Amino acid sequence: MKIAVFSTKSYDEQFFKASKASSAHELVFFDVRLDEKTVQLVVGFDAICVFVNDAINATVIDRLADSGVRIIAMRCAGYNNVDLIRAKERGLSIVRVPAYSPYAVAEHAVALLLALNRHLHKAYNRVREGNFELSGLMGLDLHGKTVCVVGTGRIGAIFAQIMHGFGCQLLAVDSYQNPDVLKLGATYMPLEEALPQSDVISLHCPLTPETKHLINHDRLVRMKHGVLLVNTGRGALIDTKAVIAALKSHILRGLALDVYEEEDKLFFSDHSHEIISDDTFMRLTTFPNVLITGHQAFFTHEALTQIAEVTLGNLIEFEKTGKCTNEVK
Ligand code: NAI
């Protein structure tokens, strides 16, 4: 198959080319994001490969279908950036990588939590400047604290396992009760019930119309004062403006984000020489108790190897059988 790979970074190209399955395809790498302006590049391709911030809306899907593209290979787990209804109408198949090292994301969520709780982002800068003052760096023991895991699928279950190892009490929010999480002694309950009891809340559910702004003003005011909120799921799980208000009113002791609702205009690129016009994002960066990474939770050697293997394997399976085990229905 001839495949146009969008939003390519050097590491994507490196891992795709190193994959055993790469010889089965002709891969053309584009560094631009797929959107209504760049979709013209797809003429002559059978398939496209895209990532979390490519905009696969109805217009783009129409142009893809008209150009003869038959399949969209997501090199990620989430597919909230695809208009699934339009894709179905136009007969385009969507395949994805449902699980690639869930450890990568769960471990990053733990790293964010530990850094936020013990103010490592501030300590790092202080020590480099020769400032060994400790005031403002006090944290809490995580041992014995109540941690709420929202979404106990592959990633949430591993996060729960690690927090269990730290000696935390686990609350779980998910309509499906994961036996592995139950074995850790977690108590499943509705989110509303978990909010006032939790010292830490970590989000691991997908972004869907139902989970958009799951963390909103009404839920923030129900939270225990001093809670730490961690989001490695998707940016729009959180209403950012409501979260800023909760930081100002000290409901949140800290906020750690790997994802942001308007990240597609910022993340994965160097904007250090520009004036960033997103005032909401810039306001977040002014809080001493907000720690942000730019959607890097997935970014481990193991995960990138797996993403390349599974994505190219999906395309081989589709080419041979017209179907794929990892198709999004
Ligand atoms: P999964 O499908 O294994 O688990 C998701 C769980 O969320 C399921 O058990 C589902 O029942 C639950 N869920 C759905 N709606 C819910 C709701 N309203 N409240 C509570 N639980 C709900 O998915 P996995 O692999 O664990 O990934 C979770 C999410 O992590 C992905 O959807 C993706 O958005 C995000 N992710 C982020 C990455 C990053 O680099 N920051 C990388 C990979 C995934």
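**Exercise 1. Identify how far a polar side-chain atom of Asp-174 lies from an oxygen atom of the ligand, then describe the ligand's other polar contacts and its cover.**

Step 1. The distance from a polar side-chain atom of Asp-174 to a ligand oxygen atom is 2.7 Å. A polar contact here is a pair of N or O atoms within 3.5 Å. The model is predicted: local features need pLDDT of at least 70, side-chain atom pairs count only at pLDDT 80 or more, and totals for chains, interfaces and linings use all residues. Residues are numbered from 1 along each chain as its sequence is written, and side-chain values use heavy atoms, with hydrogens and water left out.

Step 2. In the side chain of Asp-258, an N or O atom is 3.0 Å from a nitrogen atom of the ligand. For His-295, a polar side-chain atom lies 3.5 Å from a ligand oxygen atom.

Step 3. The ligand taken alone exposes 870 Å², of which the protein buries 81% (Shrake-Rupley method, 1.4 Å probe).

**Exercise 2. State which residues come nearest to the ligand.**

Step 1. The ligand has 20 residues around it, each with a heavy atom within 4 Å.

Step 2. Arg-154, Ile-155, Asp-174, Thr-232 and Asp-258 come nearest.

**Exercise 3. Describe how strands E1 and E2 are joined.**

Step 1. Strand E1 (residues 2-5) and E2 run parallel, joined by four bridges; strands are DSSP runs of at least two residues, helices of at least four, and pairing requires at least two bridges.

Step 2. Ile-3 has Leu-27 of E2 as its bridge partner.

Step 3. Between E1 and E2 the chain passes through helix H1 (residues 10-18) in a right-handed β-α-β crossover, meaning a clockwise path from the first strand over the helix to the second when the strands point away from the viewer.

Conventions:
Polar contact = N/O pair within 3.5 Å; in protein donor to acceptor, adjacent residues only side chain to side chain.
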